[in-house]
Every structure is written in C-alpha cells, then in structure tokens.
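This report goes through one protein chain, from its overall make-up to selected residues and contacts. The sequence and structure come first.

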Amino acid sequence: MKKLLVTFFSINLLACGFQFQGSGSVLPSSIKTVYIKDVINNSTESQAGLLLTEALKDRFDRYGTLQVVESELAADAVLETEIIRFERQSAAVTAATDTALQQDTIMGISAELVSNAGVTLWSNPRITLSQTFGSAANAVVTSAPGFASGGLNASDLGKLNEREIARSQEGQIVEDMTELAAKKIYEQAVLPEF
C-alpha cells in the first residue's frame with residue numbers, strides 16, 4: 001500500500017510539472033560544465049562584481065545541474081555577466097529637513113551563456129533588480145526581514161549614527177541584490193519554465 005501511495009504522489013507531482021531545483025535543464029544534454037567568468041563591474045559599487053561572481057559560482061555549484069569548472073578550456077559553456085548600473089535614488093524624504101528616509105537601489109545586469117562552440121545558449125541584456133531600504137536611524141524597521149538577516153541588532157542602533165546605519169543597510173542590500181541576481185540568472189539560463 002505504501003508503495004502504491006508513493007507511486008501515486010510521484011506521478012501527480014511530475015504531471016503537475018513540479019521539479020526539484022537542479023533536477024532539469026533547458027540546455028542541450030551535451031552541456032555539463034560551466035566556467036563562470038569574473039563579473040565585469042561598470043558601476044561605482046566596487047564590491048558588487050566580486051559578490052555577484054561568488055554568488056553565481058555558489059548558485060550553480062549548489063544546484064548541480066552544471067558542474068562549475070575553474071578553466072574556460074575545460075568548460076562546455078561560459079557564463080559572462082556584466083553589471084551595467086548600480087544606483088540609489090531617494091524614495092522618501094522628510095518634508096522639514098529634506099533628509100532621505102528611504103532609498104531605492106537599482107541594479108542593471110547583462111548576462112550570456114555561450115557554448116564552447118560559440119553558440120549562444122541563453123542571453124538577457126536587461127536584467128533589472130530593485131530594493132528599498134531605510135536610510136535614517138528613526139526610520140529603521142527592526143522587524144523587517146532585511147534587517148533581521150543583517151548583522152545589526154536592535155540594541156546596536158543606539159550606538160550608531162544615521163550614516164553608520166545607512167552604510168550597514170547599504171552593504172546588506174548589495175549582498176542581497178547579488179544573491180537575487182545570481183538566482184535570477186541561474187533560473188533563466190538553466191531551469192525549464194513551467
């Protein structure tokens with residue numbers, strides 16, 4: 001009876017298009033390895049390129065659809081990524097002092113996966129991500145998921161000035177956005193659409 005139930009649920013999951021991440025690919029079966037080039041960073045956010053390179057390697061490595069290799073010559077495909085822009089814009093300001101309470105951070109990326117034969121397997125020149133974060137001490141929402149996953153504790157806020165809080169949040173935003181970008185690139189380039 002157990003065997004019958006397991007078989008029934010397995011068939012239903014597959015029929016619904018459910019797949020575990022890393023268990024399928026839109027790429028040709030001959031593409032088994034990938035070399036991830038260092039991300040070209042055309043932004044003023046100096047750490048973004050390095051963080052995105054590491055996030056991409058981690059993402060591809062973690063799900064194992066493609067094996068990440070350390071040499072372009074050993075790869076069936078090469079992933080080239082470029083950060084086109086990384087900018088911040090004031091989203092909300094105080095009326096009295098014109099101080100930014102929230103900032104929108106926008107990241108623009110171009111990425112391409114090319115086979116070792118020179119065939120473009122996937123390309124997206126216009127990947128855009130954005131996030132909003134508080135930039136003033138009296139506007140920090142300590143219960144927000146972004147704050148909770150960061151390195152600051154609510155008890156630390158009293159010891160920091162607004163600029164230090166904003167810098168800490170900005171650093172966390174850069175890390176979060178590079179992780180999201182790596183996820184988006186991996187999903188678009190490798191995973192089948194349902």
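The sections below cover the chain as a whole, one helix, three individual residues and the salt bridges.

## Overall make-up

The model is predicted. Its chain holds four helices and six strands, and their order along the sequence is α-β-β-α-β-β-β-β-α-α.

Of the 194 residues, 36% count as buried. The accessible surface of the chain is about 11400 Å², and carbon and sulfur atoms make up 53% of that area. Among contacts with a separation of 6 or more, 71% are between residues 24 or more positions apart.

## Helix α2

Helix α2 covers residues 48-63. With 16 residues at 1.5 Å a residue, the helix should span 22 Å, and its end C-alpha atoms are indeed 22 Å apart, so the expected and computed spans agree.

Which residues of α2 are buried? They are Ala48, Gly49, Leu52, Thr53, Ala55, Leu56, Arg59 and Phe60. These residues lie on the same side of α2, because they cover an arc of only 165° around the axis. An α-helix has 3.6 residues a turn, so residues three or four places apart point the same way. Leu50 and Asp61 are exposed on the other side of α2. Just after the helix, Gly64 adopts a positive phi of about 65°.

## Thr53, on the buried side of α2

Thr53 belongs to helix α2. Its relative accessibility is 3%, so Thr53 counts as buried; the cut-off for this class is under 20%.

A polar atom of the Thr53 side chain lies 2.9 Å from the backbone oxygen of Gly49, and Gly49 is itself among the buried residues of α2. When residues up to four places away in sequence are not counted, Thr53 touches Lys37, Asp38 and Val39.

## Ser43, in the loop before α2

Ser43 sits in the loop that runs between β2 (40-41) and α2. Is Ser43 buried or exposed? With a relative accessible area of 16%, Ser43 is buried.

Two polar contacts involve the side chain of this residue. The side chains of Ser43 and Asn41 are joined at 2.6 Å, while the backbone nitrogen of Glu45 is reached by the Ser43 side chain at 3.2 Å. Leaving aside neighbours within four places in sequence, Ser43 is in contact with Ile83, Arg85 and Phe86. Of these, Arg85 appears again below, in a salt bridge with Glu87.

## Leu113, in strand β5

Leu113 is part of strand β5, which covers residues 100-115. Leu113 counts as buried because its relative accessibility is 0%.

Which residues does Leu113 touch, not counting those up to four places away in sequence? They are Leu27, Val34, Ala77, Val78, Leu79, Val119, Thr120, Leu121, Trp122 and Ala189. One of these, Ala189, falls in helix α4 (residues 162-189). The C-alpha atom of Leu113 is also 8.8 Å from that of Thr81, a residue 32 positions away along the chain.

## Salt bridges

A search of the whole structure finds four salt bridges. Three of them are described here, among them one within helix α2.

In that helix, the side chains of Asp58 and Arg62 form a salt bridge at 2.3 Å, N to O. Asp58 and Arg62 are four residues apart, about one turn of the helix. Asp58 is partly exposed, with a relative accessible area of 36%, and Arg62 is partly exposed at 44%. Glu187 and Lys183 form a salt bridge of 3.0 Å, N to O. Both are in helix α4, and because they are four residues apart, about one helical turn separates them. Glu187 is partly exposed, with a relative accessible area of 30%, and Lys183 counts as partly exposed at 34%.

The side chains of Arg85 and Glu87 meet in a salt bridge of 3.2 Å, N to O. Arg85 has a relative accessibility of 32% and counts as partly exposed, and Glu87 is also partly exposed, at 28%. Arg85 thus takes part in this salt bridge and is in contact with the buried Ser43.

Technical notes. Residues numbered from 1 in each chain as written. Predicted model: local features only at pLDDT ≥ 70, side-chain atom pairs only at ≥ 80, totals over all residues. Heavy atoms only, no water. Helix = DSSP H or I, 4+ residues; strand = E, 2+ residues; numbered from the N terminus. Expected span 1.5 Å × (residues − 1). Buried < 20%, exposed > 50% of the residue type's maximum accessible area, 1.4 Å probe, protein only. Arc of directions from axis to C-beta. Contact = heavy atoms within 4.5 Å. Polar contact = N/O pair within 3.5 Å; in protein donor to acceptor, adjacent residues only side chain to side chain. Areas by Shrake-Rupley, 256 points an atom, 1.4 Å probe, with all protein chains shown as cover.
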